[in-house]
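Work through these short exercises with the model open beside you. Each task comes with a worked solution.

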Amino acid sequence: MKRKWKYLSERKSGDYRYVRDFPTSLLRTFPDHPKQFSKELHLNSSCTDSELHRAMDEASRQYDLRVKTALNSDPNAFSESELKMAVEEVLRQRKLKPGEYAHVPSTQYSKEEWDRAIQHGASIVPDRHDLAEWAIPEIEDIGDDLNRGKKLNFEQQVYLDAWKSVQELPKFRKKQTMREAWARYVADNNIDITKGDGKHKQQRFDRVIKYTGDFVISQETREEVQDRIQNFIHEKRQENPNIKAQSIKRELREFIAAIRYVPRIDWGERLQLSGKQNNFQVPRETKPVQGRNLTDDELRLFFSTCLTKPDEKWTALLLAAHAGLGMREIMRLRIDEDVFLDAKYPHIIFRGGDEEKAKADSRLRVVPIVIGLDVIKEWLPETIKWMNSVDLKSPTSTLNKRLRALLGKEVTVKSHMLRHTWLRLSRRARISEDNKHAIAGWEHGDTNNTVMERVYDRHGYRDDPELLVQLYDDQKEIFSRFIIDVRSIDNVVELKR
């Protein structure tokens, strides 16, 4: 399948490269400047989206740096990460690497010694400085400017640092830029930033660094790092005075985790958004609105609506009602691996999707389907597709609006009330704590019981059908009065408000 990414070009050989025209304004200012930026990505159509995304992002940063360098010569206008990236590009173009000549002795022959040796036919073994100067010949003019006390421009600083780099072995860096720290955090935690939660984490990082800018993380930069994070908080509150503390903390969660991941800084764990550290001014958390319980009459109307007006959204709510499911849990379902609706006892196993992520280990569970099986069979694939095609918060917001249109507009009417309602019904049916835990993921009961072990088995309950029967019978008991009611939907009347 041919990928259609902006600025991605595919050669006839199948190799990828990044190709992008330079801005017209730049070309008007510098008519002799190359008209196009091109960078080989050293990838082809067999690469993953995650690999391609990282390579394209790196190429885009190099493009931005090339434009900035052409329009600005002041080194102070560039961040440390931009300088480092420019040095790496010089070395890459000249097929050099840091420490290339570090093993060569430093004898520092003078120019006169070289000339005298050549005149007498003698041979002098080049030292590391000579090799570095031959590799980076620009250093000769830079040395003259330094001797005259002239301030170097950005391009000269890049060549000077490249000249130094090939002569010194790379040292373990006790500091990293924020972008470097994030890249390492993403790689070491196997976060796929092209889809699912990984994509949303990358989007949150991009939103935060837009305000903070790139910066250096080291033992000495604690206050600067705190100032930049506080600036993000301040700007977000200026833009939206009603923003909730929970929203700010969610935006910063992985950003701060990446900072803490940088080794050899002893202040990382003290970088907290709440508690006694008092590092940041964050608005007080507001108490979340708790969803109320549905009455039996409301449940009858709810189920009849899900079954008589089926679509991907009502199906999401119908499934959620079976165990108080969260929308992300449904979003992560894999039809071929988690859904067993054609089994003798139809059920769905919630494992957290490909990334095997759940809100808590206790949320890994099995949910027997006892109401609207045909509807869920038909519409579940469309439900999952819809949920993954919109913004992360959209499904919950959309479904809350549907529930309020049906049951009343008070703020306590929300999809989360299906969880409280399921718990009330399970208590009415007096099911065991273990089975309650296995279906709805409550943190009580035996978390190591045999029922839960089946959640991790890709074959589900194939070898232990009697365990599934226990859960299925309990689920039928929980919804018994509604299973009977929905068979005669015509008798369901609209609630009076």
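**Exercise 1. A cavity and its lining**

What is the volume of the second largest cavity? Then describe the residues that line the second largest cavity.

*Solution.* Keep in mind that this is a predicted model.

Step 1. The second largest cavity fills about 30 Å³. The count of cavities of 30 Å³ or more comes to two.

Step 2. List the lining. It consists of L299, A321, L418, T421, W422, L425 and F479.

Step 3. Look for the main contributor. Helix α18 (residues 417–429) gives the largest share of this lining, four residues.

Step 4. Sort by character. Six lining residues are nonpolar, one is polar and none is charged.

**Exercise 2. A bridge between two helices**

Which parts of the chain does the R207–E251 pair link? Say for each partner whether the residue is buried, partly exposed or exposed.

*Solution.*

Step 1. Check the contact. The side chains of R207 and E251 form a salt bridge, with N to O at 2.8 Å.

Step 2. Place the partners. R207 sits in helix α9 (residues 196–212) and E251 in helix α11 (residues 245–260). They are 44 residues apart, so the pair links distant parts of the chain.

Step 3. Classify R207. Its relative accessible area is 37%, so R207 is partly exposed.

Step 4. Classify E251. The cut-off for buried is under 20%. E251 has 11% relative accessibility, so E251 counts as buried.

**Exercise 3. Two bridges that involve loops**

Where do R402 and D311 lie? Where do D338 and R351 lie? Classify these residues by accessibility too.

*Solution.*

Step 1. Take R402 and D311. They form a salt bridge, and their closest N and O atoms are 2.8 Å apart. R402 belongs to helix α17 (residues 394–407), while D311 is in the loop between α12 (296–308) and α13 (312–321). The two are 91 residues apart.

Step 2. Classify this pair. R402 has 23% relative accessibility, so R402 counts as partly exposed. D311 has 15%, so D311 counts as buried.

Step 3. Take D338 and R351. Their salt bridge has its closest N and O atoms 2.7 Å apart. D338 is in helix α15 (residues 335–338), and R351 is in the loop between β7 (347–350) and β8 (365–368). They are 13 residues apart.

Step 4. Classify this pair. D338 is buried because its relative accessibility is 1%. R351 is buried as well, with a relative accessible area of 11%.

**Exercise 4. From pairs to a network**

How many salt bridges does a search of the whole structure find? Which residues are linked in a network of salt bridges?

*Solution.*

Step 1. Count over the whole structure. The search finds 25 salt bridges.

Step 2. Name the network. Salt bridges link D296, R424, R428 and R481.

**Exercise 5. Positive phi**

What is phi of Y7, and what is phi of R430? Locate both residues and classify their accessibility.

*Solution.*

Step 1. Recall the background. Most residues other than glycine have a negative phi.

Step 2. Read the angle of Y7. Phi is near 75°, a positive value in a residue other than glycine. Y7 lies in the segment before β1 (8–10). Its relative accessible area is 29%, so Y7 is partly exposed.

Step 3. Read the angle of R430. Phi is near 55°, again positive in a residue other than glycine. R430 is in the loop between α18 and α19 (433–440).

Step 4. Classify R430. The cut-off for exposed is over 50%. R430 has 75% relative accessibility, so R430 counts as exposed.

Technical notes: Residues numbered from 1 in each chain as written. Predicted model: local features only at pLDDT ≥ 70, side-chain atom pairs only at ≥ 80, totals over all residues. Heavy atoms only, no water. 1 Å grid on protein atoms, 1.4 Å probe; cavity = no way out; pocket = protein on both sides within 12 Å on 5 of 7 lines; lining within 4 Å. Points joined across faces, edges and corners; volume = space filled by probe spheres on them. Nonpolar A, V, L, I, M, F, W, Y, C, P; charged D, E, K, R; others polar. Salt bridge = Lys/Arg side-chain N within 4 Å of Asp/Glu carboxyl O. Buried < 20%, exposed > 50% of the residue type's maximum accessible area, 1.4 Å probe, protein only.
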